[in-house]
Amino acid sequence: QVQLVESGGGLVQTGGSLTLSCAASGRTVRTTTMAWFRQAPGKEREFVVGLKKNMGTPSYADTVKGRFAVSRDNGKNTLDLQMNNLKPEDTAVYYCAAAAGSPITSSLYYVRTYDYWGQGTQVTVSS
């Protein structure tokens, strides 16, 4: 049974920072391809960042490149997302996702690639 639990969301002002964490059980984050997605009200779920298993290099959406940084904490078995210089358009529910298999890099961007999802954590950026 794979479970992903996100935490760390909240309300922050424009330009502020937050760190999200995704705690995984039933899978080891180091050997799992994982990602963060987000979904704003009335919009489709969109890719934020993907990280292939083992020594994979992160792939970021252009909208967050240079502001967000993903990392694994192998000791805690978590996937963390450091978000800096937040903007109102970053407001969304953020979801952690994990793939059961070994997706290729070009497929990291798609919701259908991932087999497991967390319940989401709300991030609100005020202007």
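The following legends describe close-up views of a predicted model.

**View 1. The largest nonpolar core of the predicted model comprises 34 residues.** Among its members, Trp36, Phe68, Leu81, Met83 and Tyr94 touch the most others. At least two residues of this core are supplied by each of strands S3 (18-25), S4 (34-39), S5 (46-51), S7 (68-73), S8 (78-83), S9 (92-98) and S11 (121-126). Strand S9 provides the largest share, namely five residues.

**View 2. Met83 is shown with its contacts from elsewhere in the sequence.** When neighbours within four places in sequence are left aside, Met83 is in contact with Gly16, Ser17, Leu18 and Leu20, with Arg67 and Phe68, and with Tyr94 and Val123. Two of these partners, Phe68 and Tyr94, are listed together with Met83 among the residues that touch the most other members of the largest nonpolar core.

**View 3. The largest pocket has a volume of about 190 Å³.** Its lining is formed by 13 residues, of which Arg38, Ala40, Lys43, Glu46 and Glu89 are the closest to the pocket centre. By character, the lining residues divide into eight charged, three polar and two nonpolar.

**View 4. Thr33 occupies a position in the loop between S3 and S4.** Thr33 counts as buried because its relative accessibility is 1%, under the 20% limit. A polar atom of the Thr33 side chain lies 3.1 Å from the backbone nitrogen of Lys53. Apart from neighbours within four places in sequence, Thr33 is in contact with Leu51, Lys52 and Lys53, with Ala97, Ala98 and Ala99, and with Pro103, Leu108 and Tyr114.

**View 5. Ser59 belongs to strand S6, which spans residues 59-60.** With a relative accessibility of 10%, Ser59 counts as buried. Not counting residues up to four places away in sequence, Ser59 touches Phe47, Val48, Val49 and Gly50, together with Thr105, Leu108 and Tyr109. Leu108 therefore appears in this view as a partner of Ser59, with the latter classed as buried at 10%.

**View 6. Pro88 is located in the loop between S8 and S9.** Pro88 has a relative accessible area of 33% and is therefore classed as partly exposed, a class that lies between the limits of 20% and 50%. Leaving aside neighbours within four places in sequence, Pro88 is in contact with Thr14, Val125 and Ser127. Ser7 lies 81 residues from Pro88 in sequence, and the C-alpha atoms of the two residues are 20 Å apart in space.

Methods: Residues are numbered from 1 along each chain as its sequence is written. This is a predicted model: local features need pLDDT of at least 70, side-chain atom pairs count only at pLDDT 80 or more; totals for chains, interfaces and linings use all residues. Side-chain values use heavy atoms; hydrogens and water are left out. A nonpolar core is a set of buried Ala, Val, Leu, Ile, Met, Phe, Trp, Tyr and Cys residues joined through side-chain atoms within 4.5 Å. Buried means under 20% relative accessible area, exposed over 50%, partly exposed in between (1.4 Å probe, protein chains only). Helices (H or I, at least four residues) and strands (E, at least two) are DSSP runs, numbered from the N terminus. Contact means heavy atoms within 4.5 Å. On a 1 Å grid over the protein atoms alone, a cavity is a set of points where a 1.4 Å probe fits but cannot get out, and a pocket is an open set with protein on both sides within 12 Å along at least five of seven lines; lining residues have an atom within 4 Å of a point. Grid points are joined across faces, edges and corners, and a volume is the space filled by probe spheres set on the points. Ala, Val, Leu, Ile, Met, Phe, Trp, Tyr, Cys and Pro count as nonpolar, Asp, Glu, Lys and Arg as charged, and the others, Gly among them, as polar. A polar contact is a pair of N or O atoms within 3.5 Å; within protein, one must be able to donate a hydrogen and the other to accept it, and residues adjacent in sequence count only if both atoms are side-chain atoms.
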